[in-house]
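Colleague: Could you take me through one helix pairing in this model, slowly and residue by residue? I would like to see how the two partners meet and what lies around them.

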Amino acid sequence: HTIDDLTTALRDPDPCVSVSAADALRSIGAGAEVAIHELASIAKDPSQNLYLRRTSILALRSIGAEPVLDDLRKLLEDKDFGIRSNAAGALLSLGYQAQKAIPDLEKTIKDYEENWYGQVREDAIEALGAIELDLIKEISKGSRGKIENNDINAVSTLRDVLVSDPAWRVRKQATEQLGKIAEEAQKNKPVYDSLRDSLNATVPS
């Protein structure tokens, strides 16, 4: 089976082969679910080739990483900025299914020491915004319950970024995500009422 062969090739001693196998699994996407746990195992292992680890997370994002959500949450604390950035991207792709990761993303967003230009913080903000936006849509469809305190805190975190983050690109991303959330929330009065205080305070005086 091709996917089984590619999964085995992830452990090839030559990184040219293993990285290519991870990239091939990324290209296959949803049809390569059987490789998820092997990809996650490699992504978590600091002894593995760095580019293989990064590519494995990209493959998880393409395939669907909900079964390894907790692994992605831990990868937000990895020493490598590329690993952290890709982990945030994988969480983004899960939408409301990554709700458990909201506190982890908030912690990442508040880490001003991660690098001077804020790439990982920007990616974490985009992920947080996407999760909240998806949650609001699910609530409006009746598929989810109601806005929780974590959601209110998440919007407040995005608001705080506008005031405190030193990188303009990070503040810009927060502005974009808050705009999307506000637009969607206005379609559902109970949701908007729950988030109103946070949303109305998004622009510093």
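Modeller: Happy to! In this predicted model, helix α8, spanning residues 119-141, packs against helix α10, residues 168-185, at an angle of about 5°. Their axes lie 9 Å apart. With an angle under 35 degrees counting as roughly parallel, α8 is therefore roughly parallel to α10.

Now for the residues that meet. From α8 the contact draws on Q119, R121, E122, I125, E126, G129, A130, E132, L133, I136 and K137. Facing them from α10 are R169, V170, Q173, A174, Q177, K180, I181, E184 and A185. Sorted by class, this contact holds eight nonpolar, four polar and eight charged residues.

Q177 of α10 deserves a closer look. Its relative accessible area is 4%, so Q177 counts as buried. Beyond its neighbours within four places in sequence, Q177 is in contact with I125, E126, G129, A130 and L158. The C-alpha atoms of Q177 and A127 are separated by 9.3 Å, although the two residues are 50 apart along the chain.

Helix α8 also takes part in the largest nonpolar core, which has 62 residues. In that core, L25, L39, L195 and L199 touch the most other members, and α8 supplies the largest share, eight residues. L195 leads us back to the pair of helices: outside its neighbours within four places in sequence, L195 is in contact with I136, I147, D151, I152, V155, I181 and A185. Among these, I136 belongs to the α8 side of the helix contact, while I181 and A185 belong to the α10 side.

Methods. Residues are numbered from 1 along each chain as its sequence is written. This is a predicted model: local features need pLDDT of at least 70, side-chain atom pairs count only at pLDDT 80 or more; totals for chains, interfaces and linings use all residues. Side-chain values use heavy atoms; hydrogens and water are left out. Axes are lines fitted to C-alpha atoms, for helices over the stretch in contact, and angles run from 0 to 180 degrees between N-to-C directions. Helices (H or I, at least four residues) and strands (E, at least two) are DSSP runs, numbered from the N terminus. Angles under 35 degrees count as roughly parallel, over 145 as roughly antiparallel, 65 to 115 as roughly perpendicular and the rest as oblique. Contact means heavy atoms within 4.5 Å. Ala, Val, Leu, Ile, Met, Phe, Trp, Tyr, Cys and Pro count as nonpolar, Asp, Glu, Lys and Arg as charged, and the others, Gly among them, as polar. A nonpolar core is a set of buried Ala, Val, Leu, Ile, Met, Phe, Trp, Tyr and Cys residues joined through side-chain atoms within 4.5 Å. Buried means under 20% relative accessible area, exposed over 50%, partly exposed in between (1.4 Å probe, protein chains only).
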